[in-house]
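Student: Could you take me through one part of this structure up close? I'd like to see how a pair of helices sits together, and how far I can trust the picture.

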Amino acid sequence: MTLPLPESAMPAPPATPADPVESTVRVSTLELFFDLVFVFTVTQLTAAIAHELNPTGITRVVLMLALIWWMYSGYVWLTNTVPPTTPLRQALLMVGMAGFLVVALAIPHAFDGTGEAFGFGYLMLSGVHFAMFPASGGTRQAFVRIAPFNMSSTALIVVGGFLDTNAQLAAWAAAVVVQVITPYVAGNDGFRLSVPHFVERHGLVVIVALGESVIAIGVGAQGLALTPTLIATAASTLTVCFAIWWAYFGAEDDEHAVVAVLERMEPRARNLRALNIHGYVHYGLLLGMLLFAAGVKGAMAHPSDHLDTAHAGTLVGGLALFLASVVVIRRSFGITPNGYRIGAVLTLLATVPIGRFGSALAQIAAIAAILIVYGTLETRHRHRHPGPLDVHTGSVASVDPR
């Protein structure tokens, strides 16, 4: 939804040397290829949670996803500044893909035998990132400031892979802490951001990661007879997946609103907003989809049976985390309405007893119905309460760049 921009968000005057205009770079097919390799790590993390759906297993996955998402985000910032347009850059990005592949392959036993491989793959990723960023010209000094932190976190990951489980957890948790504080300690100014490319890239990784929930339908149903109950469960789950897509992409003008707000912000504030929302909050989006997909696998395997508390809770917990993250994103950019989404989060939590004492099909059908109802109410609200037409975009929006 693109809504009327306040005066502070109206088009800025022509750029001056102190306010450079970032070039508009489109997402390349090589970057999409890179994202497919990255999403394999999401598949592996989903399988890890489904295999060990308990506090220990979830903690390990939360930690590994944080490490992996930090590095993926680093590559988004990298290719945003250094597009893979030369043979050398393309070759280096291919090495980075190989690093992600090694990390993904090591995930299932990262805490009981393949931690060294995880660390080696991460070292490959960090090395390519370090090698490519100096080509970014004006952002070289900014990268030099964060390089020592990146090397420190990578060293903790590599060393942790050789330690026993508890020490490994501590080392990798310390690496996450280093990564989280890096932008605030080293600063994030100096990085030039091509906003349309940056926003598009994050949207594309969400849609690719959403495919994991669809794949979970087939994986969970593998080897089962194609009964009406199984078909109904699959169809209901696909409806929920559609609702997830709608929550992030359904209001097509939301992306334009986000781009408009970011492009009108002062560079340092823009970078901080991009880091907080497309870095940290999008981590919540991915974790939510991952948890939901893990729940789907268990539900599809036993559609007529009661779900245990862990599977029933994971189904709605993942969706609630996803929707809550979307609300944070929309509120951050002043996009409304959000009350229906908040209502959906609260109502979804009430479906746990349906799965626990009813069946997997009953809970998923209830979830689908809830999301459809709230989505319909929000759509009607938009039609009844449109904002004034934005003469610059020709669309209706409500955004606040502050």
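Tutor: Let's start with trust: pLDDT is the predictor's confidence in each residue, on a scale from 0 to 100. You need that here, as this is a predicted model. The chain's average pLDDT is 86, and 88% of the residues reach at least 70. Two stretches do badly, though: pLDDT is below 50 over residues 388-402, and it stays under 50 over residues 1-23. Where pLDDT is low, don't read the predicted coordinates in detail.

Now for your pair. Two packed helices are described by the angle and the distance between their axes. Take helix 11 (residues 309-332) and helix 12 (residues 339-348): their axes are 9 Å apart, and the angle is about 165 degrees. Anything over 145 counts as roughly antiparallel, so that is what helix 11 is to helix 12. Their crossing is left-handed. Look at who does the touching: helix 11 brings residues including Val316, Leu319, Leu323 and Arg330, while helix 12 offers Arg341, Ile342, Ala344, Val345 and Leu348.

Follow Leu319 a bit further, and you'll find Val240 in contact with it, as well as with Phe292, Ile364, Ile367, Ala368 and Leu371. Val240 belongs to the largest nonpolar core, which has 114 residues; along with Phe38, Met64, Phe118, Trp172 and Phe322, it touches the most other members. Helix 10 (residues 267-301) gives the most to this core, with 16 residues.

Technical notes. Residues numbered from 1 in each chain as written. Predicted model: local features only at pLDDT ≥ 70, side-chain atom pairs only at ≥ 80, totals over all residues. Heavy atoms only, no water. Core = buried A, V, L, I, M, F, W, Y, C linked by side-chain atoms within 4.5 Å. Buried < 20%, exposed > 50% of the residue type's maximum accessible area, 1.4 Å probe, protein only. Helix = DSSP H or I, 4+ residues; strand = E, 2+ residues; numbered from the N terminus. Contact = heavy atoms within 4.5 Å. Axes fitted to C-alpha atoms, helices over the stretch in contact; angles between N-to-C directions. Parallel < 35°, antiparallel > 145°, perpendicular 65-115°, else oblique. Left-handed = near helix turned anticlockwise from the far one by under 90°. Lists of a residue's contacts leave out its neighbours within four places in sequence.
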